[in-house]
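Biologist: Could we go through the helix packing and the cysteines? Please give the cut-offs as you go.

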Amino acid sequence: MSDGHEADAKTAGEVPRGADVDSVVVLDFGSQYSRLIARRVRELNVYSELLPFDTPWREIAARKPKAVILSGGPASVYEDGSPHPDPAIWTGGVPILGICYGLHLMAEGLGGEVVSFERKEFGPAIVSVTSGDGLFAGLEPEQPVWMSHGDSIRRLPDGFGSTARTDSTPYAAVADPGRRMYGIQFHPEVVHTKSGRDILRNFVVEIAGARQNWTAVNFIASTVDEIRNRVDAHSLATGTDGKVLCALSGGVDSAVAATLVHRAVGDRLICVHVDHGMMRKNETELLQTAFEQLGVRVIVVNARERFLRKLEGVTDPEQKRHIIGNEFIRVFEEEAVKLGQIAFLTQGTLYPDVIESATSSNEKAAAKIKTHHNVGGLPDDIAFQLIEPLRYLFKDEVRAVGTELGLPDSMVQRQPFPGPGLAIRIIGEVTADRLDTLREADWIVIDEIKAAGLYRSVWQSFAILTPVRSVGVMGDGRTYANLVAIRAVTSEDAMTADWAKLPYDVLGRISSRIVNEVPGVNRVVYDISSKPPATIEWE
């Protein structure tokens, strides 16, 4: 799988390469939906990559994309300082699709005019298709779509014609088939646009000619070859035996990453699981058993006291993440010394981790939400070269790869669990007693969710121990005890999420069991916030 550029010296697998796979570049102009565009293209089995809006055309062209998609954004193209792409994009000869703000950029950049219209459109709308080919080939003439714009095109550039309209917008879609340039005022990437997938498919596959060969099988083959070649080359150059460490947390991401690397280097992989005391109930024991059955060597390091000492008195969530990230690496470095000379460390970093941490130049348009312990939380003087084979995959793609690798559903379909573990589900200071309280409450949440047959239908479900204490009554006596919050969300890729509408009887059983079975808790509340504006985790 190839994107046309080399990974840096510290990272393997940054962009899949080595196989003949077509790609699409998505330029990010700050839309909340930019990542969703990239995801929707991948759902067509076409590799997509999200790049900052000001990426020079020469860098885009070096990737040899089959097409470029310009995302929406909050700015107006006629405002000073509004984001614009490299003008060379208009003469690059690659098919272009502009979405909302991207449409306005195309119109303005090629000689048209964009203005603020009095009749703005936000929310659901119906577009009337006036040209049934191109983007709308095979679709009905009336299309439900999702609009979100205050600006509109007043004058089209030469060569363009309108292909769809609404009562408010005469240029709801435009096209210059000769130059293979297309634009739409609405958002095909959101579920509210009924035929959005078909519209993207018409552009990516039919117009741009991208082959739909971005598959789990191709990804595994190319990634295994890439890892093996990189480790072998380093081993040959340094005269070492090419051992690789893997940070095995127990979640699906690190499990899939470990299995990929094990397929590439075999017994040279040594998995290290750091038991920092912030895992879910019985998780370390279950993890060790599962990987031993897969024939993968696992070393369990009991570092509970060590991490608790480092976290003593710490209440700031970012500081927690940095402490945990640094301490993880220090533990691995110490284990590496015991095991001999080891140059590589495998991590299960995913694309959403990279996007939300916004630590690289490739994420200029994204605001930093929080530091993920395995991205921005790593120390600057890390002694390893990183192997991150999943760095540009979304969670559903990781699950597909895990299934193709033969991992059991019980591992592949596990709900996501943060690397810092329960530490970021305890609001305030992390102590052994507070960990024990949360661990028991969290166990009850998962137990009841599974018993209700809902585990696979929610993205994540867990408990949070708050710093709030409240008055209650138990056995005719007054209590003043902890408040536990329950969080359950539905999502496709963790970039956005909605609170799960759990049945009242399930919530009732969870609440009843927690206050009766977990000492020191007398009140349970349910979090009904979506992402955005909230995040999935509380810290």
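Modeller: Contact means heavy atoms within 4.5 Å, and helices (H or I, at least four residues) and strands (E, at least two) are DSSP runs numbered from the N terminus. This is a predicted model, in which local features need pLDDT of at least 70, side-chain atom pairs count only at pLDDT 80 or more, and totals for chains, interfaces and linings use all residues. Residues are numbered from 1 along each chain as its sequence is written, and side-chain values use heavy atoms, with hydrogens and water left out.

Biologist: Which residues in H8 meet H9?

Modeller: Arg306, Phe307, Lys310 and Leu311 of H8 do so; their partners in H9 include Ile323, Phe328 and Glu334. The contact residues comprise six nonpolar, no polar and six charged (Ala, Val, Leu, Ile, Met, Phe, Trp, Tyr, Cys and Pro count as nonpolar; Asp, Glu, Lys and Arg as charged; the others, Gly among them, as polar).

Biologist: And H13, what does its buried side pack against?

Modeller: The buried residues of H13 (buried being under 20% relative accessible area, exposed over 50%, partly exposed in between, with a 1.4 Å probe and protein chains only) pack against H8, H14 and the strands S16, S17 and S19. Among them are Leu435, Asp442 and Ile449. Just after H13, Gly453 has a positive phi of about 70°.

Biologist: How many disulfides does a search of the whole structure find?

Modeller: Zero, taking a disulfide as a pair of cysteine sulfur atoms within 2.5 Å.

Biologist: Why does Cys246 lack a bond to Cys271?

Modeller: Cys271 holds the closest cysteine sulfur to that of Cys246, but at 4.3 Å it is too far for a bond. Cys246 is also buried, at 1% relative accessible area.
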